[in-house]
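Subject: Structure for your files

Hello,

Here is the structure I said I would pass on. Please open it alongside this email, since the notes below refer to it throughout.

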Amino acid sequence: MRYLYGPIKSRRLGVSLGINLTLPKTCTFDCVYCQLGKTKNLTVLRSEYIKFSEIIDELRWWIDNHKDDLAGLDYITLSGSGEPTLNTKISDLLSYLKKIPGLKVALITNASLLVQPSVRREILGADLIVPSLDTVTQELFIKVDRPYKGIKIEDVINGLIALRREFKGKIWLEVMLIKGINDDIRHIRKLKEVIERINPDKVQINSPVRTASETGVLPVTNLKLKKIQQILGDRAEII
Ligand code: SF4
């Protein structure tokens with residue numbers, strides 16, 4: 001399979017089949033913790049990076065040949081080797097997937113393009129959106145997520161707040177914390193204020209455990225993660 005991967009089992013999404021919407025690795029960020037390695041194409045240019053028709057052909061083939069697996073899926077997940085909202089056909093793909101009975105669709109996004117009303121409109125067909133927000137200051141944003149030049153963390157935050165207003169499905173906000181970089185308690189308190197403005201259904205606290213893009217990217221201790229979970233409140237969980 002070229003664009004589909006899995007099904008994979010995860011604590012977060014259960015059994016999910018992934019669809020990759022970009023070429024490897026095309027992203028608006030070059031996060032220090034990225035498990036896919038360095039971003040090859042750091043861009044904000046939206047395009048049909050993977051042809052809609054090719055994704056659909058592969059999906060049809062998979063459905064025809066994996067009836068049992070289809071019945072056992074918890075989600076189809078739009079994600080993969082880059083930022084899925086960069087693909088201009090994401091709305092068409094969501095519409096197509098919504099016609100498959102019993103299927104729920106999750107979108108994993110770094111939230112960088114959500115400040116654009118048109119991008120938010122295009123993803124309203126998802127059932128679950130899992131955006132990430134690792135930092136709330138521009139300085140830390142540049143250090144951790146290494147965004148395409150000109151992307152402002154304030155815009156990312158405003159995009160998330162607008163998404164919450166417009167999107168009727170669930171939003172699970174993921175926060176990736178790196179030891180000694182964005183896990184400072186003063187930063188966590190600022191993050192909590194921003195999370196209250198965004199008002200997601202859940203906050204999922206994560207820390208890098210597998211191979212990161214850069215050396216020196218270390219996980220936060222369990223003890224500290226628990227303290228951070230307490231600060232972030234009832235909707236926060238450690239994943
Ligand atoms: S946003 Fe996701 S795909 Fe892009 S660099 Fe960060 S972790 Fe990797």
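What follows is a list of findings, starting with the sheet and ending with single residues.

One caution before the details: this is a predicted model.

The sheet

The model has an open sheet of 8 strands, in the order 1-2-5-6-7-8-9-10, and the pairing is mixed. Strand 1 and strand 10 (236-238) are at the edges with a single partner strand each, so one side of each has no neighbour in the sheet. On average, neighbouring strands of this sheet are turned by 25° against each other, direction ignored.

Strand 1 (residues 4-10) runs antiparallel to strand 2, and 5 bridges join them. The connection between strand 1 and strand 2 is a hairpin of 3 residues. Ser10 has Gly14 of strand 2 as its bridge partner. Strand 1 also contains Pro7, and the peptide bond between Gly6 and Pro7 is cis, with omega about 5°.

On strand 2, pairing with strand 5 (residues 75-79) is parallel and covers 5 bridges. Here Ile19 is bridged to Leu78 in strand 5. Is strand 2 enclosed or open to the outside? Of the 7 residues in strand 2 (residues 14-20), 5 are buried, so the strand is largely enclosed by the rest of the structure.

Further along the sheet, strand 6 (residues 105-109) and strand 7 (residues 128-131) run parallel and are joined by 4 bridges. Ala106 is opposite Leu128 of strand 7. Strand 8 (residues 170-176) and strand 9 are also parallel, with 5 bridges between them, and Val175 has Ile205 of strand 9 as its bridge partner.

Strand 9 has two unlike faces: Val203 and Ile205 are on the covered one, while Lys202, Gln204 and Asn206 are on the uncovered one. In a regular strand the side chains alternate between the two faces of the sheet.

The ligand

Which residues are around the ligand? They are Cys27, Phe29, Asp30, Cys31, Cys34, Leu36, Thr39, Gly82, Glu83 and Asn110. Sorted by class, this shell has 5 nonpolar, 3 polar and 2 charged residues.

Helix 6

The length of helix 6 can be checked by simple arithmetic. At 1.5 Å a residue, its 14 residues (residues 153-166) should span 20 Å, and the end C-alpha atoms are 20 Å apart, which agrees.

The buried residues of helix 6 are Ile153, Val156, Gly159, Leu160 and Leu163. Viewed down the helix axis, the buried residues fall within an arc of 115°, so they line one face of helix 6. Arg165 and Glu166 are exposed and sit on the face turned away from the buried side.

Backbone points to look at

Besides the bond before Pro7, there is a cis peptide bond from Pro24 to Lys25, with omega near -25°. Lys25 is in the loop between strand 2 and strand 3 (26-27).

Two residues other than glycine have a positive phi. For Ala111, phi is about 70°. Ala111 is in the loop between strand 6 and helix 4 (117-122). Is Ala111 buried or exposed? Ala111 has 25 C-beta neighbours inside 10 Å, and a residue with 20 or more is buried, so Ala111 counts as buried.

For Asn199, phi is near 60°. Asn199 is in the loop between helix 7 (185-198) and strand 9 (202-206). The count for Asn199 is 13 C-beta neighbours inside 10 Å, so Asn199 counts as partly exposed.

One contact across the chain

His187 is in helix 7. With 17 C-beta neighbours inside 10 Å, His187 counts as partly exposed. His187 and Val136 are 51 residues apart along the chain, and their C-alpha atoms are separated by 7.6 Å.

If you look at a few places on screen, these would be a reasonable start: the residues around the ligand, including Cys27, Cys31 and Cys34; the cis bond between Gly6 and Pro7; and the buried face of helix 6, with Val156 and Leu160 among its residues.

Regards

How values were computed. Residues numbered from 1 in each chain as written. Predicted model: local features only at pLDDT ≥ 70, side-chain atom pairs only at ≥ 80, totals over all residues. Buried ≥ 20, exposed ≤ 12 C-beta atoms within 10 Å, placed from the backbone. Pairing = 2+ DSSP bridges. Near = placed C-beta within 6 Å. Nonpolar A, V, L, I, M, F, W, Y, C, P; charged D, E, K, R; others polar. Axes fitted to C-alpha atoms, helices over the stretch in contact; angles between N-to-C directions. Expected span 1.5 Å × (residues − 1). Arc of directions from axis to C-beta.
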